[in-house]
Amino acid sequence: MIKSILKKIRLPEPYLPPWGMRLAFGTVVMFAVALFLGLLITTTIREDNPSDAQAPSIIMGAAIGSVMALTLAYQYSSGIVLKKQESSKHYKQTVAQSLGLIPSRSRPLWITSLAAWAVAIALDTVTLILGKSDTSLPLGLDRMDGADTLTWIMAAVVFIVLRPAAEEVIFRGILYPIMVKRTQDNVQAVGWSAVLFALFYFIQAFTWDVSWEVTYWSLAYPLIIGLTAGLIRAHTKSTTAAIFANSMFGAFLIMKALLTLA
């Protein structure tokens, strides 16, 4: 079974994008900046403390930052594809194909989504056994106690729709295929994109007060999401499948937060 999965993962990518490392890493940096600006905007409007913001500020800031990053990432990547089409009459690859926003080439989306959901449950179970608190939640959801209905709805939209879409388009749609071109190995490309994804989270939540909870939510947890979404992206050749996989982790967190806090 493992050999069969690895064989599918190592199959050549049907579409490799025309952009290079500059755009790939540029969009990652842009995403981090967009999230910071989103938080700055919401904390300023709500007269909140950016270093210890309340849940509504964090959730709305993440929504604004994710939309900004997704919009800019699509604009820059589509601009390069359109420029390539203009310079070469024989270049027929579309923006969607370059980003991997195509149907799965292996398993249906519902199967890969259920697989990601299973990983999310298994990860939570293992970490509870290892000592993680049952009430431990990531930044934003950990402050939802007493939040109103609108904030819960916005949190669900952010964790299930907006952040997964932005994260996967940037890390698995733009960055991953460039890693494939650079390493000539899909498995290595999955690993590198997952590590960079984890570092992306870790830098945002960096603190000198290192604890189990901080290490888990800012490093270990995003690393598992990155590996899961990356393997699904490589297996299906579809960034769309990776978005759905990431969404399953978000849906599980929202469900857990509701059961814990609501």
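1. At 10% relative accessibility, Thr151 falls in the buried class. The residue belongs to helix α6. Once neighbours within four places in sequence are set aside, Thr151 is in contact with Pro56 and Met144. This and every point below refer to a predicted model.

2. Asp185 may be read alongside Thr151. The position of Asp185 is in the loop between α6 and α7, the latter spanning residues 186-204. Its relative accessibility is 18%, and Asp185 therefore counts as buried, the limit being under 20%. A polar atom of the Asp185 side chain lies 2.9 Å from the backbone nitrogen of Val187. Apart from residues up to four places away in sequence, Asp185 touches Arg10 and Val180.

3. The next points concern charged pairs. The structure contains 10 salt bridges. One of them joins Arg233 to Glu13, with the closest N and O atoms 2.8 Å apart. Arg233 is in helix α8 (residues 212-236), whereas Glu13 is in the loop between α1 (2-9) and α2 (21-45), so this pair ties together parts that lie 220 residues apart in sequence. Both partners, Arg233 and Glu13, are buried.

4. A second salt bridge links Glu168 and Arg172, whose closest N and O atoms are 2.7 Å apart. Both residues lie in helix α6 (residues 149-183), where a spacing of 4 residues amounts to about one turn of the helix. Glu168 is buried, and Arg172 is buried as well. Elsewhere, Glu13, Arg233 and Lys237 are joined into one network by salt bridges that share partners.

5. Asp142 and Arg143 also form a salt bridge through their side chains, at 3.7 Å from N to O. What is the exposure of this pair? Asp142 is partly exposed, with a relative accessible area of 35%. Arg143 is likewise partly exposed, with a relative accessible area of 30%. Both values lie between the limits for buried (under 20%) and exposed (over 50%), which is why neither residue is assigned to those classes.

6. The largest nonpolar core has 58 residues, of which Phe31, Leu141, Phe171 and Tyr221 touch the most other members. At least two residues of this core come from each of α2, α3 (55-87), α4 (95-99), α5 (109-130), α6, α7, α8 and α9 (239-261). Which helix gives the most to this core? Helix α6 does, with 15 residues.

7. Phe31 merits a separate comment. Leaving out residues up to four places away in sequence, Phe31 touches Gly65, Ser66, Ala69, Ala166, Glu167, Ile170, Phe171 and Phe200. Among these partners is Phe171, which is itself named with Phe31 among the core residues that touch the most other members.

8. The final point concerns the surface. Val29, Val33, Phe36, Leu37, Leu40, Ile41 and Ile45 form a nonpolar patch there, and together they have about 640 Å² of accessible area. Val29, one of these residues, is placed in helix α2. With a relative accessible area of 53%, Val29 is exposed, because the limit for that class is over 50%. Helix α2 also supplies at least two residues of the largest nonpolar core.

Notes
Residues numbered from 1 in each chain as written. Predicted model: local features only at pLDDT ≥ 70, side-chain atom pairs only at ≥ 80, totals over all residues. Heavy atoms only, no water. Salt bridge = Lys/Arg side-chain N within 4 Å of Asp/Glu carboxyl O. Buried < 20%, exposed > 50% of the residue type's maximum accessible area, 1.4 Å probe, protein only. Polar contact = N/O pair within 3.5 Å; in protein donor to acceptor, adjacent residues only side chain to side chain. Contact = heavy atoms within 4.5 Å. Core = buried A, V, L, I, M, F, W, Y, C linked by side-chain atoms within 4.5 Å. Patch = residues over 30% accessible without salt bridge, like charges linked within 9 Å, V, L, I, M, F, W, Y side chains within 5 Å. Areas by Shrake-Rupley, 256 points an atom, 1.4 Å probe, with all protein chains shown as cover.
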